[in-house]
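Visitor: I am new here and would like a quick tour. Could you show me the structure and then take my questions?

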Amino acid sequence: MAEFSSLPGIDLPSPTLSARLRELADYLAAPAAGRLTEEQRALSLGIAGRLITDVAARLDSAIDTGALWRDWLADGLPGPERFAAACFARAEEHRWREQSAQQNGPPEMLPREPAGASDEELTVREPLSAADQAYLTLQIADRRRFDALGHPALGIADLDPMIFRALLHDIAAWRLGQISQDHRRAAALGEAVRAALDRHADERGIDAAAKAYHDMLAECGALFDTAATAIARHDWPVLIALAAAALHRSYGDMTLALLTADTAALPSLFAPLRLDRIALAPLEASLAMLSARAVAGQGDGK
Amino acid sequence: MRSEHIIHGRIDRAGLLISADAPLLRLQQRAGAGLGKPLALPHLARLVALAQRLQTDLSRPLHAADDHSDVHALVRIIPDSDGANVEISDWRTRPVAQPLMPALAATSVTPQSWTWECDQQLRMVALRAGAEAPPIPEEWEGQSLSELFELQPDEDGRFPVLRALARQIGFDGQRVRADGPAARVSMVVSGEALFDATARFTGFRGVAEPTDEPVEAHPPQVLVDPAFGSLPLSDPIFGRRIDGALRGPLSRIIATAETISGQFDGPIRADYARYAGDIAHAGRHLLGLVDDLADLQNIERPGFKAAQDEIDLGDLARRAVGLLGMKAEEKGIRIDAPRTDDQMPATGEFRRVLQVLLNLLGNAIRYSPENSMIWIRVDREGDRAMVTVADQGQGIDPEQQAVVFEKFERLGRTDSGGSGLGLYIARRLARAMDGDLTVDSAPGQGARFTLSLPARAI
């Protein structure tokens with residue numbers, strides 16, 4: 001990235017000016033490329049903020065996450081290129097699912113209330129099949145990627161270990177600046193980093209859940225039907241999960257591949273799930289309605 | 001969306017937001033701050049600082065963005081010696097429609113609340129605590145909503161969540177009690193119904209808000225476990241013993257065995273996984289027995305009386321088929337159910353009749369050969385409305401027919417399929433509704449169980 005501190009006529013550029021000039025340089029380097037919309041920026045920034053807050057809270061509950069975030073907002077996030085793709089993929093997935101859900105809404109004709117229906121209508125407790133249990137686990141892993149208000153987030157369990165490690169170290173370094181005089185707490189910080197890494201290594205996130213569900217469906221011969229049904233129901237997390245597992249990719253990678261794919265590329269992308277053009281039609285329609293997608297080969301993303 | 005009213009806020013001399021109307025506070029919170037914290041909206045903070053420095057009123061357009069929308073408004077800042085007042089008008093957000101998924105209605109969520117989501121079987125798929133909320137229970141994943149929350153009936157003895165489940169609509173005002181890791185809390189739960197693109201109901205999502213209602217140190221006597229169809233337990237001691245001593249441990253055994261069997265924590269030897277599956281199966285059998293015993297205790301108490309709802313046996317038969325259709329499909333069994341226009345008005349308690357039909361249909365599926373057929377017919381004879389469940393199983397000889405409705409009678413079967421109480425309970429229920437349950441069968445010719453109830457004119 002270009003530095004503008006030595007521009008003639010500008011002595012000490014403010015961070016704002018520097019950022020603007022970097023943005024302009026990027027624009028000039030590729031004027032035809034589509035740019036992030038305000039919504040995409042806000043979503044990605046929010047996701048990054050929640051990620052940093054969550055990781056910091058896991059490192060040390062005494063960290064003032066508000067102060068950390070304010071500092072990093074002012075000075076810039078360390079190593080943003082490390083988690084930009086993850087934040088962007090999550091933001092785009094959220095935009096897509098939100099748009100899809102807005103279109104679905106509740107059915108116009110709600111089921112009529114049965115005559116004499118009781119409030120305590122009987123429901124049957126059926127044991128979960130292995131596939132249903134795997135689906136439930138996938139749903140839970142997916143919903144862990146939201147905060148308490150339902151805003152999109154990155155699950156710590158889903159984070160690449162290297163990204164998690166780097167983020168922990170950056171936050172620990174910031175924290176160390178605050179407590180460097182307190183040797184006992186400073187020493188405990190190193191221990192907290194190691195403990196957080198150990199805990200992370202044992203966690204099973206959405207990738208593990210996706211693989212388990214995929215393998216279970218493949219075993220009982222229901223994989224292809226389930227993928228087609230997921231499209232019909234606009235159950236996008238299931239579709240992404242199954243495709244990711246089939247292609248041995250991470251959920252985040254698969255999301256990015258799907259949301260930046262040209263329509264013509266969809267059949268080959270979903271070839272392992274044997275989804276034909278007819279099955280893919282609702283997916284194509286839904287993607288086509290998502291504005292500002294970063295579609296490969298399309299400058300404006302439309 | 002455009003708001004006509006003025007949104008107020010107050011900034012102190014140090015630039016801290018010390019009071020704010022809800023929309024402004026929400027933006028501040030979404031930007032990672034709150035009351036008593038510096039204004040976290042950069043554009044607004046700069047305008048406030050400018051107005052304070054110039055000590056003059058300022059009116060400017062305001063642009064802000066949160067996760068879901070861009071906000072455009074007109075802001076007026078009135079500085080004084082102790083800080084500044086902020087008045088925001090012409091508040092517009094885009095997109096116009098509030099997102100349905102996954103953000104919750106912002107107005108209903110507070111920092112003190114839990115947010116939750118469950119699937120169509122009321123199994124919890126999400127549970128999160130707000131910043132100032134009581135801690136959530138540790139093992140909530142996949143638990144039933146009615147296990148996680150002890151449902152309390154409203155003033156009319158109804159459960160809003162179950163009413164909403166039956167109608168597939170949103171609900172509020174469901175009083176519950178829940179066990180957090182630290183303490184037992186009283187809450188009010190509300191939720192909205194969720195649907196997918198095929199208009200299929202997929203569950204609920206909502207908020208649980210703590211209340212000030214005092215909670216006993218020990219769980220109150222649980223009389224109803226409505227989500228699973230367990231019935232009111234008439235004897236408090238019996239009911240408490242069943243719930244406390246058996247149901248909880250059994251549920252944990254089943255859940256743990258299923259986890260091992262499903263190899264969710266990693267692969268294990270195949271025979272070990274099978275053993276765990278056997279444990280889960282036996283556990284479910286025992287849990288069914290607990291339910292049956294509790295049911296038995298209830299219907300055998302003196303004065304037991306069923307409600308007299310206006311029901312349609314055709315509709316109830318189709319509901320039973322809907323609930324057990326998957327089970328039949330697993331064995332390749334076809335069920336010939338009454339057509340949708342096949343009505344048979346009768347009088348009886350809705351859920352009790354459904355319970356009887358589920359028992360009859362469940363037995364028919366369990367004891368029918370694979371790829372066979374089950375018929376359900378509705379009929380009327382004089383003042384009796386009848387529904388008959390007929391199968392192609394091995395049939396029941398006359399001697400066995402005489403005892404098939406006895407307690408714990410399993411006709412010599414030793415598999416873990418049932419407790420031997422189902423048909424006894426079903427007949428007791430039928431008779432409590434001024435009806436009867438009879439069987440007609442011959443060895444090798446299948447069995448026909450007929451539930452008859454008082455007929456009702458349309």
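Visitor: In which sense do β10(B) and β11(B) pair, and over how many bridges?
Guide: First, this is a predicted model, in which local features need pLDDT of at least 70, side-chain atom pairs count only at pLDDT 80 or more, and totals for chains, interfaces and linings use all residues. Residues are numbered from 1 along each chain as its sequence is written, while chains are lettered from A and ligands numbered from 1 in the order in which they are written. Strands (DSSP E runs of at least two residues, numbered from the N terminus, as are helices, which are H or I runs of at least four) pair if DSSP finds at least two bridges between them. β10 (residues 149–151) and β11 (residues 171–179) of chain B are antiparallel, over three bridges.

Visitor: Which residue of β11(B) is the bridge partner of Glu150(B)?
Guide: Look in β11(B), residues 171–179 of chain B. There, Glu150(B) has as its bridge partner Arg177(B).

Visitor: What is the bridge partner of Val176(B) in β12(B)?
Guide: β12 covers residues 184–195 of chain B and pairs with β11(B) in the antiparallel sense over seven bridges. In β12(B), Val176(B) is partnered by Met187(B).

Visitor: Which strands are at the edges of the open sheet of five strands in chain B?
Guide: The order is β15-β17-β18-β20-β19, with mixed pairing. An edge strand of this sheet pairs on one side only. That gives β15 (334–336) and β19 (436–441) of chain B.

Visitor: By how much are neighbouring strands of this sheet turned against each other on average?
Guide: Axes are lines fitted to C-alpha atoms, for helices over the stretch in contact, and angles run from 0 to 180 degrees between N-to-C directions. For this average, direction is ignored. The value is 15°.

Visitor: Which residue of β20(B) stands opposite Asp440(B)?
Guide: β19(B) and β20 (residues 447–454) of chain B run antiparallel, joined by six bridges. Opposite Asp440(B) in β20(B) stands Arg448(B).

Visitor: Which strands of the sheet does α8(B) touch?
Guide: Helix α8 spans residues 350–367 of chain B, and its direction makes about 25° with that of β18(B). Contact here is between residues whose C-beta atoms, placed from the backbone, lie within 7 Å. Packed on the sheet, α8(B) touches β17, β18, β19 and β20 of chain B.

Visitor: How far apart are the axes of α7(B) and α8(B)?
Guide: Two packed helices are described by the angle between their axes and the distance between the axes. For α7(B) and α8(B) the angle is about 35°. Residues in the contact include Leu316(B) and Leu323(B) of α7(B), and Leu357(B) and Leu361(B) of α8(B). The axes are 9 Å apart.

Visitor: Why does Ala346(B) count as buried?
Guide: Ala346(B) sits in strand β16 (residues 345–348) of chain B. Residues it touches include Ile311(B), Ala385(B) and Leu453(B), leaving out those up to four places away in sequence. A residue is buried if 20 or more other C-beta atoms, placed from the backbone, lie within 10 Å of its own, exposed if 12 or fewer, and partly exposed in between. Ala346(B) is buried because its C-beta neighbours inside 10 Å number 28.

Visitor: How many helices and strands are there in chain A?
Guide: Read along the sequence, chain A follows the pattern α-α-α-α-α-α-α-α-α-α-α-α-α. The count is 13 helices and zero strands.

Visitor: How many residues of α5(A) are buried?
Guide: Helix α5 takes in residues 130–143 of chain A. Its buried residues include Ala134(A), Tyr135(A) and Leu138(A). The helix is mostly covered, with a buried count of 12 of its 14 residues.

Visitor: Which residues have the most contacts inside the largest nonpolar core?
Guide: A nonpolar core is a set of buried Ala, Val, Leu, Ile, Met, Phe, Trp, Tyr and Cys residues joined through C-beta atoms within 7 Å. The largest one has 104 residues. Its largest share, 10 residues, comes from helix α10 (residues 236–246) of chain A. The residues with the most contacts inside this core are Tyr213(A), Ala241(A) and Leu242(A).

Visitor: Which residues of α5(A) does Tyr213(A) touch?
Guide: Set aside residues up to four places away in sequence. Tyr213(A) then touches Ala241(A). From α5(A), residues 130–143, Tyr213(A) touches Ala134(A), Tyr135(A) and Leu138(A).

Note on methods. The expected span of a helix is 1.5 Å times one less than its number of residues. Two residues are in contact if their C-beta atoms, placed from the backbone, lie within 7 Å.
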